[in-house]
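Trainee: I should like to learn how to read the features of a structural model. Might we go through them in turn?

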Amino acid sequence: MLMVIVASLVAILIWAVLAARLERWHVSGPVAMACAGIVTGLLVGPDIGTDLNTDIAEKTAELILAVLLFVDATEVRGGFLAGERGLVGRLLGIALPLTIVVAFGLGVLLLDGSSWAVPLAIACVVMPIDFAPAAHLLRDGRWPRRVRHTVAVESGYNDGIFSPVFAFALLYLSQSHTEDLGTAVGAALEAAGIALLVGVVIGAASGALVWVSVRRGWTRTSGVRIVMVLVPLIVYAIATPLGGNGFVAAFLAGIAYKLCRNARADGQTDIPAAELSAVEDLATTTSLIMWFVFGAVGVLVLEIGFQWTWILFALLALTVVRLLPVLISLLGSRLPWRERMGLGLLGPRGTSSIVFGLLAYNAMNDDDADIAVYVMVVVVLGSLILHGLAMAVRSRHAHESGSEPHAEVAH
């Protein structure tokens with residue numbers, strides 16, 4: 001495990017000093033880290049699976065997820081729903097639950113899990129969207145701005161909403177199926193209650209303290225940046241020993257912090273960008289570590305071999321399992337069909353799926369763990385290929401039609 005961590009840090013260092021040059025070659029940070037991870041995985045071999053199946057690896061992945069979810073909850077601009085209340089509400093309130101139901105149903109049919117909780121957990125692994133590996137899509141002015149803005153806000157919250165369902169599935173599996181469903185639900189509600197209490201109390205208290213301190217001139221922006229790095233770490237460290245879910249608590253802490261940090265009479269709660277920079281850099285660094293690990297665990301998929309039902313599930317998860325619920329959620333809206341299709345098709349998978357997949361791999365028995373990591377790798381890799389091809393086709397079409405692609409500055 002130590003070798004993998006050191007190798008990932010060295011790879012990130014090399015990427016950081018070559019980032020601008022690599023971008024000119026259309027090599028993003030996630031892609032570069034995944035390639036470096038593949039090389040490391042080939043050198044380490046199947047032993048990478050043993051390295052990942054440890055308590056240290058599990059806690060590290062949970063802590064990284066806690067930071068990512070905290071950042072997701074705090075960085076959305078323009079209020080909590082960024083002025084897209086109707087569309088985001090439809091996607092999060094209707095489409096997201098439908099995707100869980102459809103993905104779970106397909107998982108029961110196509111995956112050979114030992115329990116109903118296995119396809120439920122895998123559904124949460126493969127469905128959260130993440131624009132880290134496809135950030136260019138959010139700057140591509142050929143997609144309507146409303147579409148790009150809406151899916152950007154959705155990606156900020158969907159993994160946090162998936163988290164309690166995912167945590168429940170893993171909790172049931174960790175009991176080795178010895179408890180009945182009612183007991184598992186009770187334990188999950190208790191863990192969620194602790195996460196809610198710890199996350200909201202610490203997040204709100206921290207946000208309120210920062211608000212008072214900034215107004216009275218007791219601190220500087222650099223101090224607030226440190227606070228934002230520490231809050232998710234402290235929340236996770238307190239919630240977990242108490243029996244709560246640490247990463248769910250961190251997501252709730254981010255919402256409470258944002259609400260109390262910059263509450264104004266006009267209802268705006270945006271946190272100044274300068275205060276977000278340190279925790280966003282931390283999230284970026286940890287995300288790159290996960291992309292490195294993703295490349296390394298690809299070796300495990302090669303060891304397992306071709307599993308057509310698992311691959312079929314992954315391909316369906318990338319296409320119709322997202323598209324159909326989105327289209328259903330938009331019934332009755334005035335949105336043009338082009339924009340509806342855009343909302344359904346813009347669904348890259350990334351860091352959240354990787355972290356969820358690694359946590360599932362760690363929590364499940366050997367056969368179920370193989371399914372989880374296999375599907376996760378195929379979905380994320382397939383997402384990179386599909387969205388990369390879509391971007392290439394659109395660029396070629398724009399070139400042939402004489403209209404050069406243009407980018408907008410992301411806000």
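Mentor: The following turns take up a helix, the cysteines, a pocket and the aromatic pairs. Please bear in mind that this is a predicted model.

Trainee: Let us begin with helix H16. How many residues does helix H16 have, and what distance does it reach from its first C-alpha to its last?

Mentor: Helix H16 covers residues 351-363, which makes 13 residues. The helix reaches 18 Å from its first C-alpha to its last, close to the 18 Å expected at 1.5 Å a residue.

Trainee: Is H16 mostly covered or mostly uncovered?

Mentor: A residue counts as buried when its relative accessible area is under 20%. By that criterion H16 is mostly covered, with 12 of its 13 residues buried. Among them are Thr-351, Ser-352 and Ser-353, as well as Ile-354, Val-355 and Phe-356. Tyr-361 and Asn-362 are also buried.

Trainee: How many disulfides does the structure hold?

Mentor: A disulfide requires two cysteine sulfur atoms within 2.5 Å. The structure holds 0 disulfides. As to accessibility, Cys-35 is partly exposed, with a relative accessible area of 45%. Cys-260 also counts as partly exposed, at 26% relative accessibility.

Trainee: How is empty space located, and how much of it lies in the second largest pocket?

Mentor: Rolling a probe the size of a water molecule over the atoms shows where empty space is left. In this structure, the second largest pocket holds about 610 Å³ of space. It is lined by 27 residues, of which Ala-167, Leu-171, Ala-191, Gly-244 and Asn-245 are the closest to its centre.

Trainee: Which elements give two or more residues to the lining of the second largest pocket?

Mentor: They are helix H4 (55-75), helix H8 (145-174), helix H9 (181-215), helix H11 (246-261) and H16. The largest share of the lining comes from H8, which gives 7 residues. Sorted by class, the lining of this second largest pocket has 17 nonpolar, 7 polar and 3 charged residues.

Trainee: H8 deserves a further look. Is Gly-156 buried or exposed?

Mentor: Gly-156 lies in helix H8 and counts as buried, because its relative accessibility is 6%. The C-alpha atoms of Gly-156 and Thr-74 are separated by 8.8 Å, although the two residues are 82 residues apart along the chain.

Trainee: How should I read a pair of aromatic rings?

Mentor: A pair of aromatic rings is described by the distance of the centres and the angle of the planes. The structure holds 7 aromatic pairs. One of them, formed by Tyr-157 and Phe-251, is edge-to-face, at 6.5 Å centre to centre and 80 degrees between the planes. Since Tyr-157 lies in helix H8 and Phe-251 in helix H11, the pair ties together parts that are 94 residues apart in sequence. Both partners count as buried: Tyr-157 has 6% relative accessibility, and Phe-251 has 7%.

Trainee: Why is the pair of Trp-310 and Tyr-374 edge-to-face?

Mentor: Planes over 60 degrees apart count as edge-to-face. The planes of Trp-310 and Tyr-374 lie at 75 degrees, with the ring centres 5.1 Å apart, so the pair is edge-to-face. This pair links distant parts of the chain, with Trp-310 in helix H13 (residues 308-318) and Tyr-374 in helix H17 (residues 366-400), 64 residues apart. Trp-310 counts as buried at 8% relative accessibility, and Tyr-374 counts as buried at 3%.

Trainee: Which residues form one aromatic cluster?

Mentor: Trp-116, Phe-168 and Tyr-172 form such a cluster.

Key: Residues numbered from 1 in each chain as written. Predicted model: local features only at pLDDT ≥ 70, side-chain atom pairs only at ≥ 80, totals over all residues. Heavy atoms only, no water. Helix = DSSP H or I, 4+ residues; strand = E, 2+ residues; numbered from the N terminus. Expected span 1.5 Å × (residues − 1). Buried < 20%, exposed > 50% of the residue type's maximum accessible area, 1.4 Å probe, protein only. 1 Å grid on protein atoms, 1.4 Å probe; cavity = no way out; pocket = protein on both sides within 12 Å on 5 of 7 lines; lining within 4 Å. Points joined across faces, edges and corners; volume = space filled by probe spheres on them. Nonpolar A, V, L, I, M, F, W, Y, C, P; charged D, E, K, R; others polar. Phe/Tyr/Trp six-rings, centres within 6.5 Å; stacked < 30°, edge-to-face > 60°.
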